[in-house]
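Here's a quick briefing to read with the model open on your screen. It goes through the empty spaces first, then a sheet, then the overall build.

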Amino acid sequence: MWAPGEDVSKLTYYGLYALQHRGQESAGIAVSEGSRILVYKDMGLVAQVFDESILGTLRGHLAIGHCRYSTTGSSVWENAQPTLSSSEGNGLALAHNGNLINTAELSARLPAGTIKATTDTEVLTALLAQDGSRPVEDVAAELFPEVKGAYSLVWMNETTLFAARDPQGIRPLVLGRLAGVSGPSGPAAQEKTGWVVASETAALDIVGASFVREIEPGELLTIDERGVRSRRFAAPEPKGCLFEYVYLARPDTTIAGRGVQATRVEVGRALAREHPVDADLVIPTPESGTPAAIGYAEQSGIPYGQGLVKNSYVGRTFIQPSQTIRQLGIRLKLNPLREVIEGKRLVVVDDSIVRGNTQRAIVKMLREAGALEVHVRISSPPVAWPCFYGIDFATRAELIAGSLSVEEIRTSLGADSLGYISLDGLTRATTIPADRLCRACFNGQYPIAIDQDRVGKYVLEAQR
């Protein structure tokens, strides 16, 4: 956020709060008032890391914030973001969504001992700050064509905000504008304006910014008192992540001009057409399965209902569950409404099956609560291949669909039937052409070539 006259740390806090679903391990904010950058970050959820007193110390006219979901480097304080490279009058703080696939090669460009953290973000920060004699946007435009993988970035020096998106545009990034009036009304009123860059349009809504446009793949923005300036560092080769539509993005976010909620409801309709079943009630696995369950019910004519209650206050916890609670497993987050499901043939709609543990527990729970039949419907194809671009499942061995057939998965879950939407059906529902999407976790076709011997979550830690 670049917004003179605004309480940028609080607005950034609210923006991060809106994006909490994208990462729950750590959170941080960097601010500058024009002469120095101050960073505060810690492990935990946004609301656990920040309070009024801390935000009150973070004063300035520009800020960046981040909530982390680790894909390179352990989940430890040293790897929390924003990262900071600090030198007199030449500070740089950076936040990154995505995952690089040539981190080892990039880190080899740095002198030994340059970085203490073990993330691809730390490597990028050090490389951007390496040459303080040139404008950082020039350094970035020269560096980024050699950076491989997924990166949606926001970074700042003491006076200027920057943003960039990889040539494939795998992870989302949008530009918004703050506008309004501050001070007295009438001729003396002062117009206030500012700019906001965020991973999702929903974060713009929360901070009161209007959506301007998506930042283009291969584009670099510079934002300061002169406004927004754009330059290209690479030709766009769009390959937006299809899993954003399935799970990652908020339903109230817009991608490529269409609301995610509308896409997910349409996926549910397509799922009903592809995998019909005789049943009494359609229920979602809350909250991620809800839009597709609505679509499935609409298309099938089977009534929609709430059969599982979610505990809204279960998120990241620092208190380990007891053995008794561990045995109960999923009940900490979900509990069945027995009077709704008892004696019913159920269609249970969820967004995806990654390892299968959650769905297996849900099927068991519903049967114990009296369900006559449990038919599982999934609003994505089988996740059978690892993601190297920002989702933390990095081996096929972690994925139930990496080694089992659909029928074998059904048996493993204990369901009466199991149906996944087809890859073509999911793609059509997004209205985005298949050749402009990354669908690698579903079909194994990676838009950026992967050397699997040179990637991995702990690639930098293994070098030490």
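**Spaces inside and a sheet to look at**

The second largest cavity holds about 80 Å³ of space. Of the 13 residues lining this cavity, C241, C387, C438, A440 and C441 come closest to its centre. Keep in mind that this is a predicted model.

**Cavities**
- How does the lining of the second largest cavity divide into nonpolar, polar and charged residues? There are eleven nonpolar residues and two charged ones, with no polar residue in the lining.
- Searching the whole structure turns up five cavities of 30 Å³ or more.
- As background, rolling a probe the size of a water molecule over the atoms shows where empty space is left.

**The second largest pocket**
- About 370 Å³ of space sits in the second largest pocket.
- This pocket is lined by 22 residues, and R165, E214, P238, G240 and A256 are the closest to its centre.
- Two elements, strand 13 (240-241) and helix 8 (243-248), each give at least two residues to the lining of this pocket.
- The pocket lining has twelve nonpolar residues, three polar and seven charged.

**A four-stranded sheet**
- Four strands make an open sheet in the order 16-19-20-21, and the pairing is parallel.
- Why do strand 16 and strand 21 each have one side without a neighbour in the sheet? Strand 16 (281-284) and strand 21 (417-420) stand at the edges with a single partner strand each, so one side of each is left free of a neighbour in the sheet.
- On average, neighbouring strands here are turned by 20° against each other, if you ignore direction.
- Strand 16 pairs with strand 19 (residues 345-350) in the parallel sense, over four bridges.
- If you want a spot to zoom in on, L281 stands opposite L346 in strand 19.
- Helix 10 (residues 290-300) packs on this sheet and touches strand 16, strand 19 and strand 20 (373-378). The direction of helix 10 makes about 165° with that of strand 16.
- In general, strands of a sheet pair through backbone hydrogen bonds, either parallel or antiparallel.

**Overall build**
- In total, the protein's secondary structure comes to 17 helices and 22 strands.
- For 464 residues, a compact globule would have a radius of gyration near 23 Å, and the protein's 23 Å agrees with that.
- Along the principal axes, the C-alpha atoms fill a box of roughly 70 × 60 × 45 Å.

How values were computed
Residues numbered from 1 in each chain as written. Predicted model: local features only at pLDDT ≥ 70, side-chain atom pairs only at ≥ 80, totals over all residues. Heavy atoms only, no water. Pairing = 2+ DSSP bridges. Axes fitted to C-alpha atoms, helices over the stretch in contact; angles between N-to-C directions. Contact = heavy atoms within 4.5 Å. 1 Å grid on protein atoms, 1.4 Å probe; cavity = no way out; pocket = protein on both sides within 12 Å on 5 of 7 lines; lining within 4 Å. Points joined across faces, edges and corners; volume = space filled by probe spheres on them. Nonpolar A, V, L, I, M, F, W, Y, C, P; charged D, E, K, R; others polar. Rg over C-alpha atoms; globule rule 2.2 N^0.38 Å.
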